[in-house]
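User: Please take a close look at one part of this model, the open sheet and the way its strands are joined. Please then set the account beside a helix and a pocket elsewhere in the chain.

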Amino acid sequence: MYLSLWPGKPYPLGANWDGKGTNFALFSENATAVELCLFDKEGRETRLSLGEVSNFTWHGYVPSIGPGQRYGFRVHGPFAPHEGHRFNPNKLLIDPYACAIDGDIGFGEEIFGYRWDDPKDDLGFSELNNAHLIPKSVVVDKSFDWEGDQLLQIPWHETIIYETHVKGFTKLHQEIPAKLRGTYAGLAHPAAISHLQSLGVTAVELMPIHHFLSHPGHLVNKGMRNYWGYDSICYLAPYSGYSASGCLGQQLKEFKQMVKRLHQAGIEVILDVVYNHTGEGNHLGPTISLRGIDNASYYRLVDGDLRYYMDFTGCGNSLNVRHPQVLKLIMDSLRYWVLECHIDGFRFDLASALARELYAVDRLAAFFDIIHQDPVLADVKLIAEPWDVGEGGYQVGEFPLLWSEWNGKYRDTVRDFWRGEDSRLAEFAYRFTGSSDLYELNGRSPSASINFITAHDGFTLNDLVSYNEKHNIANGEDNRDGESHNRSWNCGAEGETDDLAIEKLRKKQRRNFLVTLLLSQGIPMILMGDEMGRTQGGNNNPYCQDNEISWLDWELQEENENLLDFTRQLIDFRRRHPVFKRRKWFQGRAIRGREVTDISWYNPDGGKMTEEQWNSGFAKAIGIYLNGEGIGSPGPRGERIIDESFLILFNAHYEMLDFLLSCELQEWEWLTIVDTTKPRFVQRGKRYIKDKPIEVEARSIIILKRLGRVGQEYDDE
């Protein structure tokens, strides 16, 4: 077919339809020629040479081309791996700025830029055409009726995050129509949203939805696929495999509809984004997009041997965030998801890799400078996974202002506390109160700490109390993959058991973890299905398990009804009590001249904690008094916030302990409202007064609410 090609414009990058035609623009600093490849419904290819180049951007405008048109690029240039160049015009390439892609990438030797005579030798030039294995980029109509929808901007201290997977969350949900299960439309279905609302979470954090390499070679050979999605190929396109529409480019509208429905339910949407590497892997990986567009610009290559890639991620490559165009791609992507798709925030996978200007992690890297200056991103939630696999990559507590962090130290400390590992109570106290030792000195608030016990990477909550060892045989790597040091405890038997005493202890431990998480200062994050006892059978790395191992079994709602109700009550309890979600740090100062401060710490005999008790490794019990009159920071209209006061008694010891009220707390009566030995919140709690001992069973928590003064009439409802 004959098509006109006009000069067009170098900006914006990608394919942009103006109602009459489409402008195409692609950045490549080292290319010698670029061909735009258009495909008709039968798959026939028409190539147009983009002769216009402005500031290394190749561009052209094609009249009459509009939404639904499938396309790709072929980029010419030197194939010289030792010089960092891997151009190969035999390879159709995905547009890195595509807003929709029409399917999964197929696997075969054609997708590799080098000959497969020796799969370990990447120096031979491949002449095979890969077009039949590469999904086509799609021109889209970005218009959408948002019906007045805006970012929810729920305050950080009010936020409760639910980490979930678009497919895994709804794939087995019987109340959702079969054709919608496992899709964006499925997550937008009333049955899915109803669960999130009844749980009380305020945000879903979606595991990667950027279009990703779903069939990497090492998994294809095992009959598996990439389930987690941490192999991004295109940073502006929602993954087509999660779309129920099946129509070219319609996944974008379906995704937006999902966001709108969640917003209408009062739930924010946070995306887990992977800007540290791509699915093209190392020097032996396929040529799918950036490698063939301009390898030397987009990827971080080894100084002195440009054939190879710097790998701070363990995934084969690292994006070259030192290059202006790579920074631009990341920033354009982030702004696109906020402005075009109304995304409320981002969790950055292996974020330390983005901070590497040279080799070491630089806290003032250009990436963070640009984020700070961007008016679009300044008001959204920014969460770092503050580590990578490179030297010096563990950076918990080191990210700059505006950033919150997955607090790995919180996870490790709380796990150790409840499994009975010798550890300092001072460490536990820091984590429970928001980790001021990590965040206060650099000007951040308790909301800088994203507290979590479990996440997609590792055991579920049920498996954390059911397995001492990982059980990853199903992954096909002889159980070598996944973390070996899980800080877990199986409570006396490995895996499933008929021992009622062990099962009772496991249920109590799950409640202990949930109470600790939901009542800690900072931002709690719950893993999908932990509220109903989801198990992965001890698999702590099911990245390749797109099946029942990873999917949420909704029949667990009935089987673990008590756990689900307990979690709902606990989240509601946190929501109603500002003393558990302070905006500012505890000061430890006396309130209005009294001996009682905003927070106080007690040992079981009612005395104040001593230095020795704080730092001894064997102490396993502590009482924490939270004064509802000592919140300090005002409400949204400047009003003073006063809450009820609570005494939380933690006993991680293997025996029951008696706690005594301290002298300053004996002037009030106290009512038990939570006892983790019970399957639900206490309906008619015990009252305690003066020097009456409070029995706290082994490995349990009791929460006491302060009532009126001794001898005073009061309403305890």
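Analyst:
**The open sheet and its surroundings**

Over five bridges, strand β3 (residues 33-39) and β4 pair in the antiparallel sense. The model is predicted, and the pairing described here is computed from its atoms. Within this pair, C37 has R47 in β4 as its bridge partner. The two strands belong to an open sheet of four strands, whose order is β4-β3-β7-β10 and whose pairing is antiparallel. At the edges of the sheet lie β4 (45-49) and β10 (137-138), each of which pairs on one side only.

Helix α10, which spans residues 425-432, is mostly covered, with six of its eight residues buried. The buried residues in α10 are L425, A426, F428, A429, R431 and F432. An α-helix has 3.6 residues a turn, so residues three or four places apart point the same way. Just after α10, G434 adopts a positive phi of about 105 degrees.

The pocket considered here is the second largest, with a volume of about 680 Å³. Its lining comprises 29 residues, and the closest to the pocket centre are G533, T535, L556, E559 and N560. Three helices, α12 (461-464), α13 (500-519) and α14 (556-559), each supply at least two residues of this lining. Sorted by class, the lining of the second largest pocket holds 14 charged, ten polar and five nonpolar residues.

Key. Residues are numbered from 1 along each chain as its sequence is written. This is a predicted model: local features need pLDDT of at least 70, side-chain atom pairs count only at pLDDT 80 or more; totals for chains, interfaces and linings use all residues. Side-chain values use heavy atoms; hydrogens and water are left out. Buried means under 20% relative accessible area, exposed over 50%, partly exposed in between (1.4 Å probe, protein chains only). On a 1 Å grid over the protein atoms alone, a cavity is a set of points where a 1.4 Å probe fits but cannot get out, and a pocket is an open set with protein on both sides within 12 Å along at least five of seven lines; lining residues have an atom within 4 Å of a point. Grid points are joined across faces, edges and corners, and a volume is the space filled by probe spheres set on the points. Ala, Val, Leu, Ile, Met, Phe, Trp, Tyr, Cys and Pro count as nonpolar, Asp, Glu, Lys and Arg as charged, and the others, Gly among them, as polar. Two strands pair if DSSP finds at least two bridges between them.
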